[in-house]
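Hi,

Here is the structure I promised to pass on. Have a look at it first, and my notes follow below.

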Amino acid sequence: ALFQKPVKVLGDPDFIGTAANPTAFATVGPNWVDGRELNAPTGVAVDTSVSPPILYIADSGNNRVLAYRYATQLTAGAPADIIIGQVDRVSNQAQNPANGGRQTGLNNPTGLAVDKNGNLYVADTGNNRILRFPQPFSAANASEFPDFVIGQQTLSTSTANLNGLGASTLSISKSGGGRTGLAFDLLGHLWVADTGNNRALRFPAGELAAGTKFAPADMVIGQAAFDTNVAGTSRTVLSTLRAPNGITVSSAGILYITDQFSRVLVFPAQATGATATAMLGTDPSTPVDASSLSLPTGVAAAAGVVYVADSSDNRVLAFTSPQTSSTASAVIGQSTFTDIKVNLGAGDASASSLHTPDDLAASADELFVADTGNNRVLVFGVTKTGPGSSATRVVGQLDFPFTGVNLVDAKGFSFANAFPAGAVIDSSSTPAHLYVPDTFNNRILGYSDFTHLKNGQPADIVIGQPDFSRSIINFPYGDTSKPNSVGLYQPTSLAVDSAGNLYVTDTGNDRVLRFPAPFASGKTAREAADLVLGQSSFISSITDATATTLGTPVS
């Protein structure tokens, strides 16, 4: 019959919604989502108004903020204590109030900041607004609802520069430039990197305390007035900005702003239209060294040291004298100042490697790094001699080597509409086996008993990875140019012959692999192929649509 309802689901704990609770399990993945994982985190903040401090992470890809008590985030893989921006721990869809979404939900949150009273401010980037959540860990506030909005007149709109560019408006959505940094100064003023308007705004403490509707900023940096938003045209001009996205204020009152000229501007004194007195970051065309930056994003200041997330160079630089010297004193994420490799050139991540770090936060003795490309937050110890080179713990992954989007395990999948992924049943065995091409986790999941599958059931075997927690391209290399007999790169369609051998269209490597009867081997992971079609060997990936080779096969 047409329009039959499915009877089983894999990849989620249950079907999306029920009659009693239509929003239940409103997750679009990828992989497993239950409140302990991260998807491209781009913001991190520490609430030092309490001891021990509270950790907040902008889980941008899941459209939420995760909040951890200090003791909770000491254990890798621990679930967050509070979820902000979603109705439960498994929902992760973007909420836009202008399109019927929850008015108090989040849409690509990025920058975070906490005021001296423990109130959390969230740059709800996709909705062109900043929301304040009053003391989320207070039982009276229950963390669910914001009590104040900046950039919009009410919670029901999300328009960039609502009613026209001015002192009360923001343009911070993705189309405006990316992530938005937030920071408080010692007087309680909120500084905002208004990315799409090529400026930084200061919202005075008095307006915040009063909860002024459509609160106006009282100071603008990067523009001469509140009614202009022209992007800077030269990196040597220190009075203009181009898509700023990182901002912080040191304990000495010095303002630091990163922008898309691959630099950090230093403002010891702040006033509308002020000119920076110093700049960190040499011309991007120069060789990589201790003075260069490539698309820096987050910036943090603590104990006289300024830390910069040098995003495109996969590192964090520490500057001990940023007003007088543009040379970094220490590097995190690389072995030397001239290295820029993702995860130090390895397939796995580690406690000392980074992949596109986006934001930073510092407490008295720790530095928190939003390691965006590895879908995690790393915590480094900090002493008087500088930051440690290896992280002491990880949040968002079960261990340091893992990098997958959300929690990569035996239960979840990572698909995409542009890649046809066809599951296959092996009827040559009793019970019948099921194989699913988990395309963007670069693996195949196998289920031994298709007949008795249960909703959300974990797979029994994995092909293409050494375990259920990894999703490395062409494992163990993490390199698209290094195919081999055990790794995969975006597998799609599958087929099984009468002997139970599994054939895999390894699309990213332009080949088809045969894995001999995977369940017969007794292995649970890293089965090796015994035949390759479309290439001359397992280590070849030449694309050539001739009679003996395959050109990007997908089916």
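How much area does the protein expose, and what share of it do carbon and sulfur atoms supply? The exposed area comes to about 21,000 Å², and carbon and sulfur atoms account for 55% of that. Keep in mind that this is a predicted model.

Some overall numbers, then. The secondary structure consists of 1 helix and 33 strands. With a radius of gyration of 25 Å against the 24 Å that the globule rule gives for 555 residues, the protein is as compact as a globular protein of that length. Along the principal axes, the C-alpha atoms fill a box of roughly 75 × 55 × 45 Å. Of the 555 residues, 56% are buried. If you take contacts between residues at least 6 apart in sequence, 50% of them link residues at least 24 apart.

Now for two places I looked at in detail.

One is strand β14, residues 255-259. Is it enclosed or open to the outside? All 5 of its 5 residues are buried, so the strand is largely enclosed by the rest of the structure. Both faces are covered, with L255, I257 and D259 on one side and Y256 and T258 on the other. β14 pairs antiparallel with β13 (residues 246-249) over 4 bridges, and also antiparallel with β15 (residues 263-267) over 5 bridges. Y256 has a partner in each: T248 stands opposite it in β13, while V266 is its bridge partner in β15. Both pairings are hairpins: β13 and β14 have 5 residues between them, with G253 in the turn at a positive phi of about 85°, and β14 and β15 have 3 residues between them, with S262 in the turn at a positive phi of about 55°.

The other is an open sheet of 4 strands, ordered β26-β27-β28-β29 with antiparallel pairing. Its edge strands, β26 (424-426) and β29 (461-463), each pair on one side only. From one strand to the next, the twist averages 25°. Inside the sheet, 5 bridges join β27 (residues 433-438) to β28 (residues 443-447).

D438 is worth a click. This residue sits in β27, and its bridge partner in β28 is R443. At 0% relative accessibility, D438 counts as buried because the cut-off is under 20%. Its side chain makes a polar contact with the side chain of N441 at 2.7 Å. Beyond its neighbours within four places in sequence, D438 touches several residues, including G412, F413, F415, L445 and P491.

Cheers

Key:
Residues are numbered from 1 along each chain as its sequence is written. This is a predicted model: local features need pLDDT of at least 70, side-chain atom pairs count only at pLDDT 80 or more; totals for chains, interfaces and linings use all residues. Side-chain values use heavy atoms; hydrogens and water are left out. Two strands pair if DSSP finds at least two bridges between them. Helices (H or I, at least four residues) and strands (E, at least two) are DSSP runs, numbered from the N terminus. Axes are lines fitted to C-alpha atoms, for helices over the stretch in contact, and angles run from 0 to 180 degrees between N-to-C directions. Buried means under 20% relative accessible area, exposed over 50%, partly exposed in between (1.4 Å probe, protein chains only). A polar contact is a pair of N or O atoms within 3.5 Å; within protein, one must be able to donate a hydrogen and the other to accept it, and residues adjacent in sequence count only if both atoms are side-chain atoms. Contact means heavy atoms within 4.5 Å. The radius of gyration is taken over C-alpha atoms; the globule rule is 2.2 Å times the number of residues to the power 0.38. Accessible areas come from the Shrake-Rupley method with a 1.4 Å probe; for residues, only the protein chains shown count as cover.
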